[in-house]
Amino acid sequence: MKIYINGKFYEKENAKISVFDHGLLYGDGVFEGIRSYDRRVFKLKEHIDRLFESAQSIMLKIPLTKEQMIKAVVGTLKANKLADAYIRLVVTRGEGDLGLDPRKCYKGATIIIIADKIALYPQKLYQDGLSIVTVPTVRNLPEALNPQIKSLNYLNNILAKIEAGNAGCDEAIMLDSLGYVAECTGDNIFVAKGGHLYTPPQCMGTLRGITRDSILEIARKNKIAAHEHVITRHEVYISDECFLTGTAAEVIPVVKVDGRVIGRGKPGVLTFTLMKKFKELTAKDGVKY
Ligand code: PXG
């Protein structure tokens, strides 16, 4: 496996960065998780735009232009000869000293690109659906650390993942600080009721997921009414169908939430339709390499 670090490729065992890098010391940096399907990078521009927005928000100067970053991602995929890949793009504040002051990271950002395979959940769960649980840890407040920033500090989500595991579930619903459903630990959430789709708006605790936006786009094209609207736990419990979306998870059905059986306890028709349409989109869209 070849890993890109600051413009050079390294074998996995030699791909190392400094222990003084503020990405490690403070989680000071941003990331993206991107997928490629059959030599096409899905929504590459959208991921690169979001990476640069995350960086802009935390005043992290990325030493590459967006075009150069796209070339670096494509170059890493080519170097690894991977047709279907998961790409982790990480930009850290870089090497500094043992104080958190980013002005002391004088060398500038470290850029790391890793391309590998990923399967987030066993294939069986895509047919049978997940059982998920609402956890005590609420999503970060936007006025503290805005969830739109895909920062290297994912402890908020990791705590929720631990709590889901403690409850014997694979995934967690995180609420926002007002008690509305925000999202899952690395996925957005959708519910379907009476043929309408609902997903929380991007304000408060919900990341504007790129897979989420693709599902909204597919829904509009197929004349399925889709709404970005606040959702309570009650509305999840009484929904006909529920599913999660994310680059890593793609589209995965949910059949149980906090012990409540959703719909008939099996993934619904709308969910399967959207899973199929999403697969079709990933097979034809994307930057070729
Ligand atoms: N919410 C959160 C908090 C995320 O981190 C999503 C929603 C879905 O967004 P996209 O744009 O991917 O549809 C994410 C993205 C992982 C992993 O290793 C998770 C994500 C991205 C990359 C890797 O679990 N989540």
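In this predicted model, strands β3 and β4 (residues 40-41) run antiparallel and are joined by two bridges. Within this pairing, Y37 stands opposite R40 in β4. Helix α2 (residues 44-57) packs on the sheet, where it touches β3, β4, β5 and β16. The direction of α2 makes about 175 degrees with that of β3.

The sheet itself is open and has seven strands, arranged with antiparallel pairing in the order β2-β1-β6-β5-β3-β4-β16. At its edges stand β2 (8-11) and β16 (287-288); each has a single partner strand, so one side of each is left without a neighbour in the sheet. As a reminder for newcomers, strands of a sheet pair through backbone hydrogen bonds, and they can do so in a parallel or an antiparallel way.

We can now step back to the whole chain. The domain assignment gives domain 1 (2-116) and domain 2 (123-282). Their centres, taken over C-alpha atoms, are separated by 26 Å. The contact takes 24 residues from domain 1 and 19 residues from domain 2.

The largest pocket holds about 580 Å³ of space. It is lined by 31 residues, and the closest to its centre are F31, K150, Y154, T185 and G186. Where does the largest pocket lie with respect to the domains? Domain 1 and domain 2 both give residues to its lining, so the pocket lies between them. Several elements each supply at least two lining residues: strands β3 (29-37), β5 (85-92) and β13 (241-246), together with helices α5 (155-166) and α6 (210-221). By class, the lining of this pocket has 11 nonpolar, 11 polar and nine charged residues.

Enclosed spaces come next. The count comes to two cavities of 30 Å³ or more. The largest cavity has a volume of about 60 Å³, and among the residues that line it are R139, N140, P147, Y154 and N157. Its lining includes four nonpolar, five polar and one charged residues. Y154 thus has a place in two linings, as it is also one of the residues closest to the centre of the largest pocket.

The second largest cavity, with a volume of about 50 Å³, is lined by R35, Y37, F42, H47, I210, T211, T247 and F278. Here β3 and α6 are the elements that give two or more residues to the lining. Four of the lining residues are nonpolar, three are polar and one is charged. Each of the two domains provides at least three residues of this lining. Y37, the residue opposite R40 in β4, is one of those lining this cavity.

Key. Residues are numbered from 1 along each chain as its sequence is written. This is a predicted model: local features need pLDDT of at least 70, side-chain atom pairs count only at pLDDT 80 or more; totals for chains, interfaces and linings use all residues. Side-chain values use heavy atoms; hydrogens and water are left out. On a 1 Å grid over the protein atoms alone, a cavity is a set of points where a 1.4 Å probe fits but cannot get out, and a pocket is an open set with protein on both sides within 12 Å along at least five of seven lines; lining residues have an atom within 4 Å of a point. Grid points are joined across faces, edges and corners, and a volume is the space filled by probe spheres set on the points. Helices (H or I, at least four residues) and strands (E, at least two) are DSSP runs, numbered from the N terminus. Ala, Val, Leu, Ile, Met, Phe, Trp, Tyr, Cys and Pro count as nonpolar, Asp, Glu, Lys and Arg as charged, and the others, Gly among them, as polar. Domain bounds come from an automatic or database domain assignment. Two strands pair if DSSP finds at least two bridges between them. Contact means heavy atoms within 4.5 Å. Axes are lines fitted to C-alpha atoms, for helices over the stretch in contact, and angles run from 0 to 180 degrees between N-to-C directions.
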